[in-house]
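Good morning. I will take a few minutes to walk you through one structure, starting with the sheet and ending with the charged pairs.

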Amino acid sequence: MTSPNSKTHTIAGQPLYFTEQGQGNTLVFIHGLLGNKIQWQAQIQALEADYRCIAIDLWGHGQSQVFPENTANLKDIAGQLLNLLTELNINQCSLIALGTGCAIASEMALLAPSKINALVMINGFIGFEPEVNCAKYQLMLDDIIANKSVSAALAQQLASLFFSSANLMTESKAASAKTEHQVTESPIPDSTAISLAKALTALNAAQLAALVKFAPMAIYKRDTLEDAEKLCLPSLIIASNHNQLRTPLEAYLMQDTIDGSQLVQIASAGHWVHLEQAEQLNPLIKDFLQQRIN
C-alpha cells in the first residue's frame with residue numbers, strides 16, 4: 001500500500017520513505033519487524049490536528065527496500081533516522097515506537113538526548129532477546145533462506161504471532177464465511193493476519209534479501225537496558241495483555257530500569273495493538289503527550 005503523503009530522504013544513495021502530516025510539535029513513528037509506516041494511520045489521524053506526525057518505513061519494509069551500505073545494526077539505523085531529523089530541520093521531537101522500533105527509539109535517545117523530548121514504547125523490549133526466542137526466530141529465518149521464499153505455512157505461523165487469539169478466531173470465522181458464501185458483512189481489513197500472511201508469501205527476491213538482513217538486527221539487538229539510566233526523559237511503556245511476542249515481565253523490567261517511566265496495559269490486544277485496539281491506544285498516547293511535552 002502506498003501513501004499519497006509519501007516523501008523520501010536519501011541516505012548513502014538509498015531512499016528512505018516517510019509520510020508527514022499535521023502541524024505542531026513533531027512526533028516520529030517507528031514501526032517494528034514486518035510493519036510499515038501506513039499502519040500508524042489511526043494514531044496519526046488522532047494526533048495530526050495538534051502535532052506534526054512523521055511515520056517512517058524502516059529499511060526492508062514498505063517502500064524503503066534497499067539498505068545503505070555499512071548498515072550493520074539498529075544503532076546504525078538510529079543514527080540514520082537522526083540524520084533524517086537534521087535534514088528536516090527538526091531540533092526536537094517525541095518518538096512513538098512499536099516492537100523492534102522501541103530498540104531503535106532508545107538508541108536515538110541515547111545518541112542524541114537533546115533532540116528527544118519523550119518516548120512512547122509499545123510492546124517492545126530494549127534488553128537482550130531471550131535465547132529461546134533467538135533460537136526459534138533463527139529457525140524461521142533459516143527456513144526462509146533455504147527456500148528463498150516464505151512458505152504459506154511459515155507465513156501463517158508468523159502472522160498469527162502479531163495478533164491476539166480472540167482477533168484471530170474472529171478473523172478465521174469471517175474468512176470461512178467469505179469462502180462459503182463469497183460475501184461477508186465485515187470485509188477483512190488489510191491489517192489482519194490473513195493479509196499479512198499473503199504479503200509475506202508474495203515477497204520478491206529483493207524484499208526477501210532486505211528482510212533477511214533486517215531480521216538478525218532485530219533478533220540479536222544489543223542490550224540498551226544497560227544504558228537506561230541515561231534515558232532521563234518522559235517515557236510511556238505500553239504492553240498488551242495478549243501479546244505473543246513480548247511478556248509482561250519485560251515491560252515491568254523496563255519500567256523498573258527507566259527512571260520515572262509509566263507502564264500501562266491494554267486489554268484484548270496482541271502485538272499489533274495499534275491496529276487491533278486503536279480506540280484504547282490513541283487516548284493513552286494523546287494524554288501522555290499533553291501532560292509531558294505540551
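What follows is a short tour of this model, which is a predicted one.

Let me begin with the sheet. It is an open sheet of 8 strands, and the order is β1-β2-β4-β3-β5-β6-β7-β8. The pairing is mixed. In general, strands of a sheet pair through backbone hydrogen bonds, either parallel or antiparallel. Which strands stand at the edges? They are β1, residues 6-11, and β8. Each has a single partner strand, so one side of each is left without a neighbour in the sheet. From one strand to the next, the twist averages 20°.

One pair of strands can serve as an example. Strand β6, residues 116-122, runs parallel to strand β7, residues 235-240, and 4 bridges join the two. Leu-119 stands opposite Ser-235 in β7.

Now the helices. Helix α3, residues 100-111, lies across β3, β5 and β6. Relative to β5, helix α3 runs at about 155°. Please find Ser-106, which lies in helix α3. Is Ser-106 buried or exposed? Its relative accessible area is 0%, so Ser-106 is buried. Leaving aside neighbours within four places in sequence, Ser-106 is in contact with Ile-126, Thr-224 and Leu-231. With Thr-224 there is also a polar contact between the side chains, at 3.3 Å.

A second helix is α7, residues 193-201, where Ala-193, Leu-196, Ala-197 and Leu-200 are buried. Looking down the axis of α7, you find its buried residues within an arc of 100°, so they line one face of the helix.

On to the charged pairs. The structure holds 9 salt bridges, and I will go through some of them.

Lys-37 forms a salt bridge with Asp-57, and the closest N and O atoms are 2.5 Å apart. Lys-37 lies in the loop between β3 and α1, while Asp-57 lies in the loop between β4 and α2, so the pair ties together parts that are 20 residues apart in sequence. Lys-37 is buried, with a relative accessible area of 1%. Asp-57 counts as buried too, at 1% relative accessibility.

Back in helix α3, Glu-107 forms a salt bridge with Arg-222, with the closest N and O atoms 2.7 Å apart. Arg-222 sits in the loop between α8 and β7, so this pair ties together parts that are 115 residues apart in sequence. Glu-107 is buried, at a relative accessible area of 3%, whereas Arg-222 is partly exposed, at 32%.

What does Lys-221 pair with? Its salt bridge is with Glu-129, and the closest N and O atoms are 3.1 Å apart. Lys-221 lies in the loop between α8 and β7 and Glu-129 in the loop between β6 and α4, so parts that are 92 residues apart in sequence are tied together. Both Lys-221 and Glu-129 are buried. In addition, salt bridges that share partners join Glu-107, Arg-222, Asp-227 and Lys-230 into one network.

Last, two backbone angles. Lys-148 is not a glycine, yet its phi is positive, at about 55°. Lys-148 is in the loop between α4 and α5, and is exposed, with a relative accessible area of 70%. Ser-268 also has a positive phi of about 55° without being a glycine. Ser-268 is found in the loop between β8 and α10, and counts as partly exposed at 41% relative accessibility.

Definitions and conventions
Residues numbered from 1 in each chain as written. Predicted model: local features only at pLDDT ≥ 70, side-chain atom pairs only at ≥ 80, totals over all residues. Heavy atoms only, no water. Helix = DSSP H or I, 4+ residues; strand = E, 2+ residues; numbered from the N terminus. Buried < 20%, exposed > 50% of the residue type's maximum accessible area, 1.4 Å probe, protein only. Arc of directions from axis to C-beta. Pairing = 2+ DSSP bridges. Axes fitted to C-alpha atoms, helices over the stretch in contact; angles between N-to-C directions. Contact = heavy atoms within 4.5 Å. Polar contact = N/O pair within 3.5 Å; in protein donor to acceptor, adjacent residues only side chain to side chain. Salt bridge = Lys/Arg side-chain N within 4 Å of Asp/Glu carboxyl O.
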